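Trainee: I have the sequence and the model open, and I would like to work through them slowly, one question at a time. Could you help me reason from each element to the next?

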Amino acid sequence: MVQFFNWQGIKNLVAIFKDPTIVIPHFKIKNINQIDFKKLKEIGKIKGIIIDKDNTITIPYKSEPHPIIKNSLKTCIDIFKDNVVIFSNSVGGPDDKTIKNSNELLKEINDQLPKAIIHKSVKKPEGFDIIQRYFNQIDYHQSLINNNDDKNNNKKALYPLVAMGDRYFTDIVFGNSNNMITIYTEPLVNDNDPFVVKIVRKLENAFVNFVKERYRVKSFEQDLVKKVKQSIREE
């Protein structure tokens, strides 16, 4: 599940410099234990959770959820069910060319990891069309269960989604570029990061701090963002 160089991330540097605020998450937390998923669901408008894998819910390149967040992740899955998906650049992505890694991960999944792994031919922050198809499909199947004969139901607009992960230039830019609520989680561990990733993290952190000091993020004023804030616990 090695993460290779992310050319899509480089291409999106143009978008970042055009609008630097897309690197700023709506919320920054230590880990997902700070999220009250019951309250998040009770808001009523959040359709689903898009969650990164490595260093967000597992140690990089491992399959089992990290013990620190294991219970919170299970709560998230119990509440949002199939609307929790793994959207990763290491598993199910273009570097996972044979789908071997994601198949191995699926074999180890019980009730501890999201059962949906989004497969894609591009890397974050690209790939929103794939996410859109997945959630529209969920809506469509639910309409069949509810005996709703609206054939155009699978084309309806998405509900708000929450994107979370430990990388500003991929997870957060992906979410913000597609009008999601974004939550940055600090890396679960630092020792397992490749040398290049450690350098990139430092550059990302420096750039994010620079942007925070100089730009106002308009989306922070949205009513939905204020409501989601109520589901974020203090560290």
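Trainee: Which strand is joined to strand β1 (residues 27-29), and by how many bridges?

Mentor: Please keep in mind from the start that this is a predicted model. A single pair gives us a foothold, since Lys28 has Tyr184 in β6 as its bridge partner. The two strands run parallel, and the strand joined to β1 by three bridges is β6.

Trainee: Is strand β6 (residues 181-185) enclosed or open, and how many of its residues are buried?

Mentor: Look at both faces of the strand, where Ile181, Ile183 and Thr185 point one way while Thr182 and Tyr184 point the other way, and all of them are buried. A residue counts as buried when its relative accessible area is under 20%. Strand β6 is largely enclosed by the rest of the structure, because the number of its residues that are buried is five of the five.

Trainee: Over how many bridges do β5 and β6 pair?

Mentor: Two positions show how the strands are matched: Met164 stands opposite Ile183 in β6, and Ala163 stands opposite Thr182 in β6. The pairing of β5 and β6 is in the parallel sense, and the number of bridges is four.

Trainee: Which strand is joined to β5 by four bridges and runs parallel to it?

Mentor: Start from Met164 in β5, which is the bridge partner of Ile51. The strand that four bridges join to β5, running parallel to it, is β2.

Trainee: How many residues of β5 are buried?

Mentor: Consider the two directions in which the side chains point, with Leu161, Ala163 and Gly165 on one side and Val162 and Met164 on the other, and all of these are buried. Strand β5 is therefore mostly covered by the cut-off of under 20% relative accessible area, and the count of buried residues in β5 is five of five.

Trainee: Is Ala163 buried or exposed, and what is its relative accessibility?

Mentor: Ala163 has its place in strand β5, and it touches Ile50, Asp171, Gly175, Met180, Ile181, Thr182 and Ile183, leaving aside residues up to four places away in sequence. Ala163 and Asn176 are 13 residues apart in sequence, and their C-alpha atoms are 8.6 Å apart in space. Ala163 counts as buried, because its relative accessibility is 2%.

Trainee: Which residues line the largest cavity, and which elements give two or more residues to that lining?

Mentor: The largest cavity has a volume of about 50 Å³, and its lining has six nonpolar, no polar and three charged residues. The lining residues are Ile50, Ile51, Asp52, Phe87, Lys124, Ala163, Met164, Asp171 and Phe174. The elements that give two or more residues to this lining are β2, β5 (161-165) and α7 (168-177).

Trainee: How many of the ten residues of α7 are buried?

Mentor: The buried residues in α7 are Tyr168, Phe169, Thr170, Asp171, Ile172, Val173, Phe174, Gly175 and Asn176. Just after this helix, Asn179 takes a positive phi of about 60°. Helix α7 is mostly covered, and the number of its ten residues that are buried is nine.

Trainee: What is the volume of the second largest pocket?

Mentor: The second largest pocket is lined by 17 residues, and those that lie nearest its centre are His26, Asn176, Asn179, Ser219 and Gln222. By class, its lining has seven nonpolar, seven polar and three charged residues. The volume of the second largest pocket is about 360 Å³.

Trainee: Which residue has the backbone oxygen that the side chain of Thr58 reaches?

Mentor: Thr58 lies in the loop between β2 (48-51) and α4 (70-80), and Thr58 counts as buried because its relative accessibility is 0%. At 3.4 Å, the side chain of Thr58 reaches the backbone oxygen of Lys62.

Trainee: What is the relative accessible area of Phe210?

Mentor: Phe210 is found in helix α8 (residues 195-214). Phe210 and Pro20 are 190 residues apart in sequence, and the distance between them in space, C-alpha to C-alpha, is 9.6 Å. Phe210 is partly exposed, because its relative accessible area is 39%.

Notes
Residues are numbered from 1 along each chain as its sequence is written. This is a predicted model: local features need pLDDT of at least 70, side-chain atom pairs count only at pLDDT 80 or more; totals for chains, interfaces and linings use all residues. Side-chain values use heavy atoms; hydrogens and water are left out. On a 1 Å grid over the protein atoms alone, a cavity is a set of points where a 1.4 Å probe fits but cannot get out, and a pocket is an open set with protein on both sides within 12 Å along at least five of seven lines; lining residues have an atom within 4 Å of a point. Grid points are joined across faces, edges and corners, and a volume is the space filled by probe spheres set on the points. Ala, Val, Leu, Ile, Met, Phe, Trp, Tyr, Cys and Pro count as nonpolar, Asp, Glu, Lys and Arg as charged, and the others, Gly among them, as polar. Buried means under 20% relative accessible area, exposed over 50%, partly exposed in between (1.4 Å probe, protein chains only). A polar contact is a pair of N or O atoms within 3.5 Å; within protein, one must be able to donate a hydrogen and the other to accept it, and residues adjacent in sequence count only if both atoms are side-chain atoms. Contact means heavy atoms within 4.5 Å. Two strands pair if DSSP finds at least two bridges between them.
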